[in-house]
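The following paragraphs lead from the overall fold to individual side chains. The reader is invited to keep the sequence and the model in view throughout.

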Amino acid sequence: TLIAPSQWVNCDHNCVHPAWAPGAYYVRQVNEKEWYGLGIFARFGNRSEFYPGSHPASNNRYAYMKGISVTPTYARKSGNKFYWAVGADINYVGLELQKNFENGMGAGDITLAGDSGNNKTEGETWALGWNVGFRYSPTVKDEIGIAYRSKIAHTMDADFDWYGTGVAGMLAGLPTDFHSRAHGKVTLPDSYHFGYSHKFDNKNRVEVSAIRTQWHNFRTLDLNIDNFQTISSAHNWKDNWRYAIGYEYKFSKKYTGMLGFAFDDEGKSYDGGDFMVPIGIHRTYSCGVKYEDKRHTIALALAYQIEGDTNFKSNYETDTYLKAFSHDNTAKIFSIGYT
């Protein structure tokens, strides 16, 4: 039976899952002008899941990207006010993608009803990038920082599994269960970081920052599957900016209060959207408290992120919709830091 899908997706809900973004660093001062350091943090990561049989599941049933960057770094002081640093970015990506074809498999602008199936792609890869940074302190109260993180090109060999029945599986030329290897390339974008800090007095300090992410380097996500075909997805994302401001007030020698706000403009284009990363314009509000003595610093913070409404068109032939509208998305963030 051929069924024309409705123009807009009915309300389908994203499952809620926690995601973790760990980070740590170690710094050793060699002399008055030189330092060596090692940083470990999640530069890129993502997790989303939709219910089986829902419209979004035909585009993305489950997406989980684990990303860790290991950054050995060398820093040097030049004169009394200028610092510079350079380092490598050893980047790990673990990726798992699932699509669901239950209750329909799209074929261009029609839907084949009564089919069911699922495929899963799972793999991991390491790649190398680099970073460089500069810091200038024109006065004892002011600091200016600039940093650049390079783009990183990943080539991944992954496992591809198909589990399907009905007309969809036959049209794809696959048996009920199919296992193969998939090969893909993706470039994670480079970014420019700008920051300024001003200390008004011993109690009040403010920081502002801006980050430009070069999402135009993230054009497509293509998977070449052995003995099958190439699954291609054009993303066409746009470069975007993130602006943030933070304020600290020192209540005493040991306790400090913190407030923050961040704004991210939308990088996803109308013809490059999918349900792997359902993003719009982000607004993040945060507050926290910090305790410090001569040997230890502990910081706790809470944040509430509002993700703006966004719409996009179908990105895969297997999508069971032509257009989608994402709305009412939020995230709650808890962070703890110890030095």
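Lysine 120 has a relative accessibility of 25% and therefore counts as partly exposed, since that class begins where the buried class, under 20%, ends. The model in which this residue is seen is a predicted one. Lysine 120 pairs with glutamate 122 in a salt bridge, with 3.9 Å between the closest N and O atoms; the criterion requires a separation within 4 Å. Glutamate 122 is likewise assigned to the partly exposed class, because its relative accessible area is 38%.

This pair belongs to a wider setting. The protein comprises two helices and 23 strands. Of its 339 residues, 40% are classed as buried. Among contacts between residues at least 6 apart in sequence, 64% join residues at least 24 apart. The exposed surface amounts to about 19000 Å², of which carbon and sulfur atoms supply 58%.

In total, the structure holds 11 salt bridges. Side chains of opposite charge can pair when their charged atoms come close. One of the salt bridges joins the side chains of arginine 205 and glutamate 207, with an N to O distance of 2.5 Å. Arginine 205 has a relative accessible area of 24% and so counts as partly exposed. Glutamate 207, at 38%, is also partly exposed.

A further salt bridge links lysine 290 to glutamate 248, and here the closest N and O atoms are 3.4 Å apart. Lysine 290 lies in strand E19 (residues 282-292) and glutamate 248 in strand E17 (residues 240-250), so this pair ties together parts that are 42 residues apart in sequence. Are these two residues, lysine 290 and glutamate 248, buried or exposed? Both lysine 290 and glutamate 248 are buried. The two pairs are not isolated from one another: Arg205, Glu207, Glu248 and Lys290 are linked in a network of salt bridges. This network thus includes the partly exposed arginine 205 and the partly exposed glutamate 207, together with the buried lysine 290 and glutamate 248.

A last point concerns the backbone. Aspartate 328 is located in the loop between strand E22 (323-326) and strand E23 (329-338). Its phi angle is near 60°, a positive value in a residue other than glycine. Aspartate 328 counts as exposed because its relative accessibility is 64%, and the exposed class requires a value over 50%.

Key
Residues numbered from 1 in each chain as written. Predicted model: local features only at pLDDT ≥ 70, side-chain atom pairs only at ≥ 80, totals over all residues. Heavy atoms only, no water. Helix = DSSP H or I, 4+ residues; strand = E, 2+ residues; numbered from the N terminus. Buried < 20%, exposed > 50% of the residue type's maximum accessible area, 1.4 Å probe, protein only. Contact = heavy atoms within 4.5 Å. Areas by Shrake-Rupley, 256 points an atom, 1.4 Å probe, with all protein chains shown as cover.
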